[in-house]
Amino acid sequence: MANSGLSEPAIWSISGHDNSVFVGVTSGHIYRSLNFSQNWGLANSEIDYIAPVGSLCSTGSRLVAGTHGSGLYTSDDLGNTWIRRNSINTVEIRSVYFNGSHVLAGTDMLGIYSSTNNGTSFNQANTGLGS
């Protein structure tokens with residue numbers, strides 16, 4: 001069965017790299033499969049509670065998770081540990097993208113936030129966006 005260990009069926013987001021696949025669910029959990037969805041386990045068990053994980057982006061061992069109510073989190077070890085990034089002025093992250101050390105986060109009402117240091121700190125990057 002391809003969902004062994006994935007006990008929450010309401011999937012909000014999905015991302016992967018090579019054989020690693022990650023899904024964000026309504027409860028705020030992130031599940032990880034290291035064998036292309038054959039078996040699943042929690043990837044963020046040390047986080048007490050975060051809001052639904054609406055966006056995920058991954059490459060190699062690096063992950064960025066945007067939530068609908070608890071902000072943005074990053075992990076550099078396949079989701080074993082997570083750091084909440086507090087330099088975005090909203091907790092509603094709608095989309096995330098990264099390339100190298102550059103991370104972009106789309107928010108509900110405050111536009112785009114940009115980081116050039118792996119998500120450690122962010123600044124608004126709305127120049128040229130319509131109102």
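Which backbone nitrogen does the side chain of Ser-115 reach at 2.9 Å? The side chain of Ser-115 reaches the backbone nitrogen of Gly-119. The legends below start from the whole chain and then return to this residue. The model is predicted.

**View 1. The whole chain is built from strands, with zero helices.**
The protein chain holds twelve strands. From the N terminus on, the elements run β-β-β-β-β-β-β-β-β-β-β-β. The radius of gyration is 14 Å, close to the 14 Å that the globule rule gives for 131 residues, so the chain is as compact as a globular protein of that length. Along its principal axes, the C-alpha trace spans about 50 × 25 × 25 Å.

**View 2. Surface, burial and charge of the protein chain.**
Of the 131 residues, 45% count as buried. The accessible surface comes to about 6600 Å². Carbon and sulfur atoms own 52% of that surface. The chain carries 5 positive and 8 negative side chains. The centres of these two sets lie 5 Å apart. Among contacts with a separation of 6 or more, 34% join residues 24 or more positions apart.

**View 3. Ser-115 sits in strand E11.**
Is Ser-115 buried or exposed? Its relative accessible area is 1%, which is under the 20% cut-off, so Ser-115 counts as buried. The side chain of Ser-115 has two backbone partners to look for here. One is the backbone nitrogen of Gly-119, at 2.9 Å. Another is the backbone oxygen of Ser-121, which lies 2.9 Å from a polar atom of the Ser-115 side chain. Beyond four places in sequence, Ser-115 is in contact with Ser-101, His-102, Val-103, Thr-120, Ser-121 and Phe-122.

**View 4. Ser-114 lies in strand E11, residues 112-115.**
Ser-114 is buried, with a relative accessible area of 16%. Which side chain does Ser-114 join through a polar contact of 2.9 Å? The partner is the side chain of His-102. His-102 also appears in the contact list of Ser-114. Leaving aside neighbours within four places in sequence, that list continues with Val-103, Leu-104, Ser-121, Phe-122, Asn-123 and Ala-125.

**View 5. Thr-67 is found in strand E6, residues 62-67.**
The relative accessible area of Thr-67 is 0%, so Thr-67 is buried. A polar atom of the Thr-67 side chain lies 2.8 Å from the backbone nitrogen of Ser-70. Leaving aside neighbours within four places in sequence, the contacts of Thr-67 include Ile-50, Ala-51, Pro-52, Val-53 and Gly-54. Tyr-73, Val-91, Glu-92 and Ile-93 are also among them. Leu-56 is eleven residues from Thr-67 along the chain. The C-alpha atoms of Thr-67 and Leu-56 are separated by 9.0 Å.

**View 6. Ser-95 is found in strand E9, residues 93-99.**
Ser-95 has 38% relative accessibility, so this residue counts as partly exposed. Not counting residues up to four places away in sequence, Ser-95 touches Ser-55, Leu-104, Ala-105 and Gly-106. How many residues separate Ser-95 and Leu-72 in sequence? They are 23 residues apart, and 9.9 Å apart in space, C-alpha to C-alpha.

**View 7. Phe-22 is found in strand E2, residues 20-25.**
Phe-22 is buried, with a relative accessible area of 1%. Leaving aside neighbours within four places in sequence, Phe-22 is in contact with Ser-13, Ile-14 and Ser-15, among others. Its contacts also include Ile-30, Tyr-31 and Arg-32. Leu-56, Ser-58, Leu-63 and Leu-78 are among the contacts too. Gly-128 is 106 residues from Phe-22 in sequence. From C-alpha to C-alpha, Phe-22 and Gly-128 are 33 Å apart in space.

**View 8. Leu-78 and Phe-36 have positive phi values.**
Where is Leu-78 placed? Leu-78 is in the loop between strand E7 (72-75) and strand E8 (83-85). Its phi is about 60 degrees, although Leu-78 is not a glycine. Leu-78 is partly exposed, with a relative accessible area of 24%. Phe-22, shown in the previous view, is in contact with Leu-78. Phe-36 is in the loop between strand E3 (30-33) and strand E4 (41-42). Phi of Phe-36 is near 50 degrees, a positive value in a residue other than glycine.

Note on methods
Residues numbered from 1 in each chain as written. Predicted model: local features only at pLDDT ≥ 70, side-chain atom pairs only at ≥ 80, totals over all residues. Heavy atoms only, no water. Helix = DSSP H or I, 4+ residues; strand = E, 2+ residues; numbered from the N terminus. Rg over C-alpha atoms; globule rule 2.2 N^0.38 Å. Buried < 20%, exposed > 50% of the residue type's maximum accessible area, 1.4 Å probe, protein only. Contact = heavy atoms within 4.5 Å. Areas by Shrake-Rupley, 256 points an atom, 1.4 Å probe, with all protein chains shown as cover. Lys, Arg positive; Asp, Glu negative; His and termini not counted. Charge placed at Lys NZ, Arg CZ, Asp CG, Glu CD. Polar contact = N/O pair within 3.5 Å; in protein donor to acceptor, adjacent residues only side chain to side chain.
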